[in-house]
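Reader: Hi, I'm new to this one and would like to be walked through it slowly. Could we look at it together?

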Amino acid sequence: MRIIQNFEGVSSPLNQELLEELFEGFKVREENFGKKVYFYSPGFKHYQVEDFYISAGPKFVDVSITGKNCELMCDHCASKILWHMIPATTPEELKRVGEELKAKGVEGILISGGSNKDGVVELYPFFEAIEYLKRELGLITTCHVGLVDRDLAKGLKEAGVDAVLMDVIGDDRTIAEVYKLPHKSVKDYEESLALLKEYNHRIVPHVIIGLHYGKVLGEYRAIDMISKFDPDGLVLVVVMPYYGKTRFQLLPPPTPEECAKVFLHARLSLPRAPVVIGCARPAGPERIKMDLYALYAGVNGITFPAEGILTHAKEIGLEPVVSPNCCSTVVLPIN
Amino acid sequence: MEKEWEYNGCIIPLDLYYEIETQTWVRLNEDGTVTMGLTDVGQVRAGRLLHARIKDVGKYIKKGKPVASLESGKWAGPINALVEGEVVERNERVLEQPDIINYDPYGEGWIVRMKPADLERDLKDLLYGPQAIEKMREYIDEWDIICMRCT
């Protein structure tokens, strides 16, 4: 396969040396997964570029059990990620929302919410409602959690969730400064992963590249730690400064080249688990570059691919599969 | 004569041609070119715009094909050419700061200026004046839109 020299819409030249380095990941992906590559467009956003659009109604949506509220109000997000989610702040409301969504043709639901001051998404009162969504309504049900204790791991398992998603941070300073959790550390994230595995959850950890005010700091350590727990999949996202608090908004996100190196590290650390690029990453010309590097680094999927990426995937011999689901469902036998 | 119509806070200038489905507008300029942009309703539905791409000057765009693309946190989509023709000017300010469209969709937030190939033909598909107002009202009611401008 010939590695690409340039690409329409990219604002600065592609780093050829890096592309060749990334190709190692491409080969790993091909050996373990063949030529299929997934392109996701979950229902919380209308997304249409020239070569990628899913015109059917939403099939997979996000629900927040805290509405727009988050006690942590981390610097990088300030709860804005919750704003587009459907609020369901009581178990009864969650059941009703699930029924309404099911009636509208939605097939899957990501249950998320803001954290308390200990970094926990308080899902405890919702176990029975989650079980109802899963067992009675037959919805694909995933939960995006914060830190996890034994009760949460057990309760979610008994509720029958399909997969548990969790942001994993690999640096104590980031946990203290960005997440406002000075009393927590990387060890707490490690223990959470261990508990989820102990209860036989399908786990799909997320790593936010550039979380430390746009700098790459704990990402490699986070991936190394995650890889010890045999995850079912890994989602990589990139910090979006404009989502954050005012002083964070003007900071540049990590460069596509910095992100690409993290993509490759993830691919090589987890050669047999799907590695996908999630929906959260900055818009703009840099995204085209980032997505191109991701393809060459051998990721299994990209959410909301930049313009031209799906076409390019075909040009380099890959077989795109378009999905209306959340990228974390890559670990489920549904796509 | 009124220069604009307002409904649920949404401003609709009366000297523009509209495609209601895509919420885009066209202004006829004295030099024979046309200017295109997103309506007030369109900017509200999209939300605060974060990224814009506009085709290069000199590109020939067929009617209905993308001449630009815009992206917000909850919406990303094309701006299709309402008239066929050549791109003669891009709004560089919108490229640098796309949310100008949110503040001033008919003024500073224009997107592209084009030299039309067959203006008379293409204008037949667009709505103007009372017809535009009627369809815009239906659209605003159907989607229950209340317009707000970021400041």
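**Strand pairing and cores**

Author: Let us start in chain B, where β5(B) and strand β11 (residues 112–116) pair in the antiparallel sense over three bridges. In this pairing V34(B) stands opposite M114(B) of β11(B). Please keep in mind that this is a predicted model.

Reader: Which strand is joined to β5(B) by five bridges?

Author: That is strand β4 (residues 24–28) of chain B, which runs antiparallel to β5(B), and there V26(B) stands opposite M36(B). The hairpin of β4(B) and β5(B) has five residues between the strands, and within the hairpin G32(B) takes a positive phi near 95°.

Reader: Why is β5(B) called largely enclosed?

Author: Strand β5 of chain B covers residues 34–38, and because four of its five residues are buried, the strand is largely enclosed by the rest of the structure.

Reader: ok, and how many helices and strands are there in chain B?

Author: Chain B has five helices and twelve strands. Along its principal axes the C-alpha trace of chain B spans about 40 × 35 × 25 Å, and 41% of the 151 residues of the chain count as buried. Among contacts in chain B between residues at least 6 apart in sequence, 62% join residues at least 24 apart.

Reader: What radius of gyration does chain B have, and what would a compact globule have?

Author: The radius of gyration of chain B is 14 Å, and because a compact globule with 151 residues would have a value near 15 Å, the two agree.

Reader: Switching topic: how many residues of chain A are in contact with chain B?

Author: Twelve residues of chain A are in contact with twelve residues of chain B. On the chain A side that touches chain B, the classes are four nonpolar, five polar and three charged residues. Strands take part across the two chains as well, since strand β2 (residues 46–49) of chain A is joined by two bridges to strand β9 (residues 75–80) of chain B, and these two run parallel. In that pairing Y47(A) stands opposite A76(B).

Reader: What is the strand order of the open sheet of five strands?

Author: The order is β3(A)-β2(A)-β9(B)-β8(B)-β6(B), with mixed pairing. At the edges stand β3 (52–53) of chain A and β6 (49–54) of chain B, and because each has a single partner strand, one side of each is left without a neighbour in the sheet. Five bridges join β6(B) to strand β8 (residues 66–72) of chain B in an antiparallel arrangement, and in β8(B) the bridge partner of L49(B) is S72(B).

Reader: And which strands are at the edges of the sheet of eleven strands?

Author: That open sheet lies in chain A and has the order β5-β4-β6-β7-β8-β9-β10-β11-β12-β1-β13, with parallel pairing. Its edge strands are β5 (86–87) and β13 (319–323) of chain A, each of which pairs on one side only. Inside the sheet, strand β6 (residues 108–112) and strand β7 (residues 140–145) of chain A pair in the parallel sense over four bridges, and G108(A) stands opposite I140(A) there.

Reader: Which helices lie across strands of chain A?

Author: Among them is helix α2 (residues 91–103) of chain A, which lies across β4 (60–64), β5 and β6 of chain A and runs at about 165° to β4(A). Another of them, helix α6 (residues 186–198) of chain A, lies across β8 (163–167) and β9 (203–209) of chain A, running at about 160° to β9(A).

Reader: Is I81(A) buried or exposed?

Author: I81(A) counts as buried, because the residue has 22 C-beta neighbours inside 10 Å. I81(A) is found in the loop between β4 and β5 of chain A.

Reader: Last topic: which residues touch the most other members of the largest nonpolar core?

Author: They are V164(A), L236(A), F263(A) and A297(A), in a core of 108 residues. Helix α10 (residues 285–296) of chain A gives the most to this core, with seven residues. Leaving aside residues up to four places away in sequence, A297(A) touches L22(A), G25(A), F26(A), A260(A), F263(A), L264(A) and R267(A). A second, separate core has 38 residues, including Y17(B), I79(B), A81(B) and V112(B).

Notes. Residues numbered from 1 in each chain as written. Chains lettered and ligands numbered in written order. Predicted model: local features only at pLDDT ≥ 70, side-chain atom pairs only at ≥ 80, totals over all residues. Contact = placed C-beta atoms within 7 Å. Nonpolar A, V, L, I, M, F, W, Y, C, P; charged D, E, K, R; others polar. Pairing = 2+ DSSP bridges. Axes fitted to C-alpha atoms, helices over the stretch in contact; angles between N-to-C directions. Buried ≥ 20, exposed ≤ 12 C-beta atoms within 10 Å, placed from the backbone. Core = buried A, V, L, I, M, F, W, Y, C linked by C-beta atoms within 7 Å. Rg over C-alpha atoms; globule rule 2.2 N^0.38 Å.
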